[in-house]
Amino acid sequence: MLAQKDDEYFMKQAFAEAMKAFDEGEVPVGAVVVSQGQIIARAHNQTQLLDDVTAHAEMIGVTTATSNVGYKYLNNCTLYVTLEPCVMCAGALFWSKLGKLVYAASDEKQGYTRYDDLLHPKTKVVQGPMAEESRRLLQAFFQSKRKKSS
């Protein structure tokens with residue numbers, strides 16, 4: 001009998017995407033979108049590669065997921081992301097009617113939780129697994145950037 005995949009399993013998949021971003025010189029944020037226990041989208045930040053400030057992992061993940069399900073709403077899906085979404089991404093999650101959001105590290109400066117009611121009222125939110133690992137990866141990325149610029 002196969003064990004059911006849980007939030008930690010899927011967050012590890014999102015973290016693998018964050019590592020890709022790190023290796024590519026992007027802010028290391030990764031995301032996966034899950035429907036019925038299956039990953040339907042994988043994404044990581046690509047703002048540098050695409051020269052596009054909207055190319056956040058969440059935005060790319062939502063676009064890919066809606067293409068894969070053939071429908072604009074993700075009300076039966078869960079987004080796993082290694083960093084709390086920003087206001088822009090929260091807006092996209094609102095319009096997609098995301099069923100559940102699971103994020104790892106909080107973002108006290110840019111995170112959507114600084115504001116009220118940005119997600120769809122039916123979206124369940126869990127701050128969950130791998131918060132510390134995600135925070136450390138982000139810190140390592142920004143420390144390496146500071147060393148290069150000094």
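Leaving aside neighbours within four places in sequence, S35 makes contact with I40, N76 and C77. In this predicted model, S35 belongs to strand β1, and its relative accessible area of 15% places S35 among the buried residues, because the cut-off for that class is under 20%. Strand β1, which spans residues 30-35, also contains V33. With a relative accessibility of 1%, V33 likewise counts as buried. Once residues up to four places away in sequence are set aside, V33 touches Q38, I39, I40 and A41, together with G61, A65, C77, T78 and L79. I40 and C77 thus appear in the contacts of S35 and in those of V33. By contrast with these contacts, E132 lies 99 residues from V33 in sequence, and the C-alpha atoms of V33 and E132 are 21 Å apart in space.

Strand β1 forms part of an open sheet of five strands, arranged in the order β2-β1-β3-β4-β5 and with mixed pairing. The edges of the sheet are occupied by β2 (38-44) and β5 (124-127), each of which has a single partner strand, so that one side of each is left without a neighbour in the sheet. On average, and with direction ignored, neighbouring strands of this sheet are turned by 15 degrees against each other. In general, the strands of a sheet pair through backbone hydrogen bonds, in either a parallel or an antiparallel manner. Between β1 and β2 the pairing is antiparallel and extends over six bridges, and within this pair A31 stands opposite A43 of β2. Helix α3, comprising residues 57-69, packs on the sheet and touches β1, β2 and β3 (77-83), while the direction of α3 makes about 145 degrees with that of β2. Both G61 and A65, which V33 touches, fall within the residue range of α3.

The largest pocket of the model encloses about 690 Å³ of space. Its lining is made up of 25 residues, and those lying nearest the centre of the pocket are L83, D107, Q110, L138 and F142. Two or more lining residues are contributed by each of the elements α2 (47-50) and α5 (131-149), with the largest share, six residues, coming from α5. In terms of chemical character, the lining of this pocket divides into 11 nonpolar, eight polar and six charged residues.

Notes
Residues numbered from 1 in each chain as written. Predicted model: local features only at pLDDT ≥ 70, side-chain atom pairs only at ≥ 80, totals over all residues. Heavy atoms only, no water. Helix = DSSP H or I, 4+ residues; strand = E, 2+ residues; numbered from the N terminus. Buried < 20%, exposed > 50% of the residue type's maximum accessible area, 1.4 Å probe, protein only. Contact = heavy atoms within 4.5 Å. Pairing = 2+ DSSP bridges. Axes fitted to C-alpha atoms, helices over the stretch in contact; angles between N-to-C directions. 1 Å grid on protein atoms, 1.4 Å probe; cavity = no way out; pocket = protein on both sides within 12 Å on 5 of 7 lines; lining within 4 Å. Points joined across faces, edges and corners; volume = space filled by probe spheres on them. Nonpolar A, V, L, I, M, F, W, Y, C, P; charged D, E, K, R; others polar.
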